[in-house]
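Work through these exercises with the sequence and the 3D view side by side. Try each task before you read its solution.

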Amino acid sequence: MGFLSDRLARVKPSPTIAMTTRAGDLRASGRDIIGLSAGEPDFDTPEHIRQAAKNAIDAGHTRYTAVDGTLSLKQAICGKFARENGLDYAPSQITVGTGGKQILFNALLATLNPGDEVIIPAPYWVSYPDMVLLAGGTPVVVPCGIDDGFRLTPQALEAAITPRTKWLILNSPSNPSGAGYGRDHMQALTDLLLRHPDIWVLSDDIYEHLIFDDFRFTTPAQVEPRLKDRVLTMNGVSKAYAMTGWRIGYGAGPEPLIKAMAKLQSQSTSNPCSISQYAAEAALNGPQDYIASSRKAFQRRRDLVVAGLNACPGIDCPTPQGAFYVYPSIRDLLGKTSPAGASIDSDEDFCTALLEETGVAVVFGAAFGLSPHFRISYATSDDQLKDAMNRIRGFCEACS
Ligand SMILES: Cc1ncc(COP(=O)(O)O)c(C=O)c1O
């Protein structure tokens, strides 16, 4: 009998971590490495939020709180949903966890039985399929290619639905593609879902505020109020307020689901960090100008990166609507040889050669379920991005 569980064996080691580790090893050996693989804003948490956390410590808010969040934070979250999304929730329909990640995990663990299927459009955030597997469910991955703007079409959704489908996971704007579902795209999906009353929707809205040009964010419960009692809307403060390390995420949905998720949390982590909860409350209730300034910076960087990549022979980079990622295709480089003589037969080959030969660390598309692509996170300085674009162009020009 092995010591480690069968459940763990179903989970793949993270390819993102493998690339980051290799980049770290090269940096430690003295190489000049530009890391474009991390999924977090490079800005500091705004001052008033940091101050609220210091005040919380001094006021003695250092003890256990209610398992899935303080009432005042839940009220702030209700205020956010009403103000920004036109969604009316009561505090009893809100749950707060240690990052959006715990919210997703709780929801899946609380609802999936063996054989239950979860539809996941690809490219997807790396954690979705593994979370489904850990919870005992079956991920059903639906490829959403570059020609569809990396968005799930109603036809592809319909074809993936079976009597075992329990959840559809939607993520707009998306990690890794940056693709967003405008109202029309979203409504085409919600119209279809109205005809499938047993399917629930898990809407991962973590990049809600990182949107560009004239893209308008929408979320399924807002687009189709008749779906609201089978939607879990997940969001958090990590990306919107540069608070990745504080670990606060939240979900809004029907009370029985929220209660089930709190029950799980009560027997695992209990409450998310009390100090972080006070910080998150200040983020949601306080001035919102950080959001506009970060959006401006990210849009400038997106434009720099999209233009830089499209100047590289063999790379085709669509312009994303949001988040801080691009997901270019390298189809035209397949079958070629890198400047140092490595064969490029897959996106993993491309990313490995790029890292070894130019010092630019990116993540290969197979990790996100859609090849041949790679993901760049442009949450880093303009100077680093310009340097990286020059290195990638030099690499592509020398491929033969
Ligand atoms: C698509 C997506 N969802 C959820 C998360 C989780 O964020 P957190 O747990 O920091 O709230 C991330 C983080 O990278 C993400 O990219």
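Domain bounds here come from an automatic or database domain assignment. The model is a predicted one.

**Exercise 1. Find the domains and state how far apart their centres are.**

Step 1. Take the bounds. Domain 1 covers 6-44 + 290-397, and domain 2 covers 63-285.
Step 2. Take the centres over C-alpha atoms. Those of domain 1 and domain 2 are 26 Å apart.

**Exercise 2. Describe the side of domain 1 that touches domain 2.**

Step 1. Count the residues in contact. Domain 1 brings 35 residues and domain 2 brings 30.
Step 2. Look for elements that give two or more residues to this side of domain 1. They are helix H12 (289-310) and strand S9 (325-326).
Step 3. Find the main contributor. H12 gives the most, with 7 residues.
Step 4. Sort the residues of this side of domain 1 by kind. There are 16 nonpolar, 11 polar and 8 charged.

**Exercise 3. Compare the radius of gyration of the chain with that of a compact globule.**

Step 1. Start from the length. For 400 residues, a compact globule would have a radius of gyration near 21 Å.
Step 2. Read the value for the chain. It is 21 Å, so the two agree.
Step 3. Add the extents. The C-alpha trace spans about 60 × 55 × 55 Å along its principal axes.
Step 4. Add burial. Of the 400 residues, 50% count as buried.
Step 5. Add the contacts. Take those between residues at least 6 apart in sequence; 73% of them join residues at least 24 apart.
Step 6. Count the elements. The chain holds 14 helices and 14 strands.

**Exercise 4. Where do the buried residues of helix H8 lie around its axis?**

Step 1. Check the length. H8 (residues 183-194) has 12 residues and reaches 16 Å from first C-alpha to last, close to the 16 Å expected at 1.5 Å a residue.
Step 2. List the buried residues. They are His185, Met186, Leu189, Thr190 and Leu193.
Step 3. Look down the axis. The buried residues of H8 fall within an arc of 125 degrees, so they line one face of the helix.
Step 4. Recall the general rule. An α-helix has 3.6 residues a turn, so residues three or four places apart point the same way.
Step 5. Turn to the other side of H8. Arg183, Asp184 and Leu194 are exposed there.
Step 6. Find the partners. The buried residues of H8 pack against helix H7 (154-160), strand S6 (200-204) and helix H9 (220-223).

**Exercise 5. Test the span of helix H13, then find what its buried residues pack against.**

Step 1. H13 (residues 347-358) has 12 residues. At 1.5 Å a residue they should span 16 Å.
Step 2. The end C-alpha atoms are 16 Å apart, which agrees.
Step 3. Name the buried residues of H13. Among them are Phe350, Cys351, Leu354 and Leu355.
Step 4. List the helices they pack against. These include H2 (15-28) and H14 (382-397).
Step 5. List the strands. They include S11 (343-344), S12 (360-361), S13 (363-364) and S14 (374-377).
Step 6. Step past the end of H13. Gly359 follows, with a positive phi near 80 degrees.

**Exercise 6. Is Phe150 buried or exposed? Is Asp213 buried or exposed?**

Step 1. Place Phe150. It sits in the loop between strand S4 (138-143) and H7. Its phi is positive, near 60 degrees, though it is not a glycine.
Step 2. Count around Phe150. It has 23 C-beta neighbours inside 10 Å, so it counts as buried.
Step 3. Place Asp213. It lies in the loop between S6 and H9. Its phi is also positive, near 55 degrees, in a residue other than glycine.
Step 4. Count around Asp213. It has 10 C-beta neighbours inside 10 Å, so it counts as exposed.

**Exercise 7. Locate the cis peptide bonds before Pro123 and Pro372.**

Step 1. A cis bond joins Ala122 and Pro123, with omega about 10 degrees. Pro123 is in the loop between strand S3 (117-122) and helix H6 (127-134).
Step 2. A cis bond joins Ser371 and Pro372, with omega about -5 degrees. Pro372 is in the loop between S13 and S14.

Definitions and conventions: Residues numbered from 1 in each chain as written. Predicted model: local features only at pLDDT ≥ 70, side-chain atom pairs only at ≥ 80, totals over all residues. Helix = DSSP H or I, 4+ residues; strand = E, 2+ residues; numbered from the N terminus. Expected span 1.5 Å × (residues − 1). Buried ≥ 20, exposed ≤ 12 C-beta atoms within 10 Å, placed from the backbone. Contact = placed C-beta atoms within 7 Å. Rg over C-alpha atoms; globule rule 2.2 N^0.38 Å. Arc of directions from axis to C-beta. Nonpolar A, V, L, I, M, F, W, Y, C, P; charged D, E, K, R; others polar.
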